[in-house]
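Reader: I would like to go through this model by asking short questions. Please show the sequence and the structure before we start.

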Amino acid sequence: MAQASKAKRSKNPVPLPDKFSVAMTINGVETKLAVAPWTTLLDALRDHLDLTGTKKGCDHGQCGACTVLVDGRRINSCLTLAVMKDGASVTTIEGLATEGALHPLQQAFIDHDAFQCGYCTPGQICSAAGLIAEGKAKSADEIRELMSGNICRCGAYPNIVAAIQQAMGKMDGKP
Amino acid sequence: MINFQYARANDVADAVRQIATDPTAKFIAGGTNLIDLMKEDVERPSRLIDISRLPLKSVEETADGGLRIGALMPNSDLAWHPLIEQRYPLLSSAILAGASQQLRNMASTGGNLLQRTRCFYFYDTATPCNKRKPGSGCSAIDGINRISAILGTSEACIATHPSDMCVALAALEASVHVAGPNGERVIAFNDFHRLPGNTPQLDTNLQPNEIVIAVELPAQGFAKNYSYLKIRDRLSYAFALISVAAALELEDGTIRQARLALGGVAHKPWRDAAAEAALRGQLANRATFTHAADLLLRDAKGFAHNAFKVELARRSIVRALTQAAQATPQSQSDKKIR
């Protein structure tokens with residue numbers, strides 16, 4: 001085993017690069033941070049900015065727990081390098097509620113009991129906000145298809161679809 | 001993920017210059033496949049050259065009535081682009097059959113062409129894989145090969161190309177425009193991806209110092225009679241066991257022009273000239289479609305866990321051609337196969 005791990009090491013190790021200065025507007029707040037090139041947007045949010053609402057599930061783009069909105073579009077933050085998003089506007093689950101009022105999707109998820117353990121919920125809600133802004137999904141079939149990048153291991157899918165349908169009626173295509 | 005350097009490319013010429021100076025560098029655009037493979041230690045670039053800000057995100061009409069798609073056009077924007085939806089709905093449908101909306105929002109057109117196989121052993125660095133480590137052997141041939149190829153395989157590799165979009169681009173006879181140190185060149189879609197042969201580490205004929213800058217579609221879009229039928233182990237967000245892009249031009253029930261491309265079956269989107277020739281000039285009926293399917297699959301060979309794919313492919317071809325002929329393309333949201 002020792003030999004196997006030795007073989008994996010590069011013969012020509014890459015010198016550690018300087019950190020890159022990145023400026024992003026995160027939940028409306030202009031934020032500057034210094035990141036290594038390999039820091040994902042997910043790790044920057046959670047570990048550098050203490051925005052732990054965004055969850056790390058699989059860390060491979062398969063589960064959707066890390067979904068955030070970048071410039072209004074939903075993406076997997078685990079497969080995004082923070083350094084590549086210099087200048088971007090990022091919205092996480094922490095940025096959806098307005099003063100004193102839950103976001104219509106947050107309220108709808110409560111109204112419809114659209115979760116059990118809650119781990120996938122921030123990703124589900126950010127993804128649904130992106131879906132509503134896209135304006136393509138109308139039917140339950142279309143919602144299910146366009147939400148297929150968000151896995152819920154508790155199996156709350158029927159309630160998630162119902163919650164999104166409720167919020168869709170109230171949001172009129174706005175995120 | 002190992003440490004790496006990072007730099008942005010200012011323009012296409014700068015990107016080509018930067019990649020030439022460092023053979024272990026890689027371009028990054030959407031990153032959906034590359035970062036995943038870097039986390040798995042399968043890809044170990046010393047440097048990432050960020051091309052995501054280059055101005056290659058447009059869809060433009062070409063002089064011959066086709067469309068030129070910039071290499072950085074995101075998959076989601078391409079699928080929902082009005083000109084693609086109207087004139088090349090087969091391409092829209094194939095894109096929407098793949099990945100998730102989050103991934104499609106990130107993934108670029110050029111990157112979709114260059115995504116690597118999802119063969120389990122390519123991802124598992126503890127096992128031999130000729131694609132990942134040439135000469136180490138193929139673990140899939142005698143391993144878990146349910147998702148492996150049935151056409152064009154070699155003793156070195158039975159991996160499949162995972163893209164849905166590329167299956168439609170193959171059927172539509174797109175071309176790939178690339179830039180390198182000696183200028184630009186055009187690669188016919190069928191010549192872009194390779195069969196594994198003895199060099200499965202090479203997925204495409206793109207040279208290491210070249211960059212994809214655009215994909216061009218010819219004028220004929222088969223917008224009336226087409227279907228993209230994808231069969232997989234779950235209804236959404238899974239790679240194809242079999243997918244079929246079928247496109248027909250009909251005249252009074254007779255097939256004037258036919259295109260047929262398969263995904264999930266080979267190291268590249270699979271087309272067969274004899275199968276398409278067998279469709280042309282014939283009545284668009286089940287007998288014609290079955291004959292074409294038999295021809296396309298004449299050399300198909302299954303392995304321990306995927307022999308079922310030969311019959312599944314036969315039925316999928318007939319079904320997709322029937323959907324195309326009836327102008328009832330497969331819906332990618334209502335999953336019922338009619």
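Author: A residue counts as buried here if 20 or more other C-beta atoms lie within 10 Å of its own, and as exposed if 12 or fewer do. The model is predicted.

Reader: Which are the buried residues of helix H1 (residues 12-21) of chain B?

Author: By that count, helix H1 (residues 12-21) of chain B has a short list of buried residues: Ala15(B), Val16(B) and Ile19(B). They cover an arc of only 95° around the axis, which puts them on the same side of H1(B). On the other side of H1(B), the exposed residues are Ala13(B) and Thr21(B). The buried ones asked for are Ala15(B), Val16(B) and Ile19(B).

Reader: What covers the buried residues of H1(B)?

Author: The buried residues in question are Ala15(B), Val16(B) and Ile19(B). Their cover includes strands of chain B, namely E2 (25-28), E3, E6 (175-180) and E8 (211-217).

Reader: How far apart are the end C-alpha atoms of helix H13 (residues 308-325) of chain B, and why does that agree with its 18 residues?

Author: At 1.5 Å a residue, the 18 residues of H13(B) should span 26 Å. The distance in the model agrees, because the end C-alpha atoms are apart by 26 Å.

Reader: Against what do the buried residues of H13(B) pack?

Author: The buried residues of H13(B) include Ala313(B), Ile317(B), Leu321(B) and Ala324(B), and also Lys309(B) and Arg319(B). Just after the helix, Ala327(B) takes a positive phi of about 55°. The packing partners of the buried residues, in chain B, are strand E9 (225-231), strand E10 (242-251), strand E11 (254-263) and helix H12 (286-296).

Reader: Which residues touch the most other members of the largest nonpolar core?

Author: The largest nonpolar core has 155 residues. Ala245(B), leaving aside neighbours within four places in sequence, is in contact with Leu90(B), Ala94(B), Val167(B), Ala168(B), Ala171(B), Tyr228(B) and Ala261(B). The residues that touch the most other members are Leu90(B), Ala168(B), Ala245(B) and Ile317(B).

Reader: Which element gives the most to the side of chain B that touches chain A?

Author: The contact between the chains takes 31 residues from chain A and 28 residues from chain B. On the side of chain B, strand E1 (5-8), helix H2 (34-39), strand E3 (47-50) and helix H6 (101-106) give two or more residues. By class, that side has 13 polar, 10 nonpolar and 5 charged residues. The element that gives the most, with 5 residues, is H6(B).

Reader: How far apart do the C-alpha centres of domain 1 and domain 2 of chain A lie?

Author: In chain A, the domain assignment gives domain 1 (20-95) and domain 2 (104-171). Contact between them involves 15 residues of domain 1 and 13 residues of domain 2. On the domain 1 side, strand E3 (67-70) and strand E4 (73-76) of chain A each supply at least two residues, and the largest share, 3 residues, comes from E3(A). The C-alpha centres of the two domains lie apart by 21 Å.

Reader: And how far apart are the C-alpha centres of domain 1 and domain 2 of chain B?

Author: For chain B the assignment gives domain 1 (5-52) and domain 2 (225-325). The C-alpha centres of these domains are apart by 36 Å.

Reader: In what order do the elements of chain A run?

Author: Chain A has 175 residues, of which 44% are buried. Its elements are 6 helices and 5 strands. From the N terminus on, the order is α-β-β-α-β-β-β-α-α-α-α.

Note on methods. Residues numbered from 1 in each chain as written. Chains lettered and ligands numbered in written order. Predicted model: local features only at pLDDT ≥ 70, side-chain atom pairs only at ≥ 80, totals over all residues. Contact = placed C-beta atoms within 7 Å. Helix = DSSP H or I, 4+ residues; strand = E, 2+ residues; numbered from the N terminus. Nonpolar A, V, L, I, M, F, W, Y, C, P; charged D, E, K, R; others polar. Expected span 1.5 Å × (residues − 1). Core = buried A, V, L, I, M, F, W, Y, C linked by C-beta atoms within 7 Å. Domains from an automatic or database assignment. Arc of directions from axis to C-beta.
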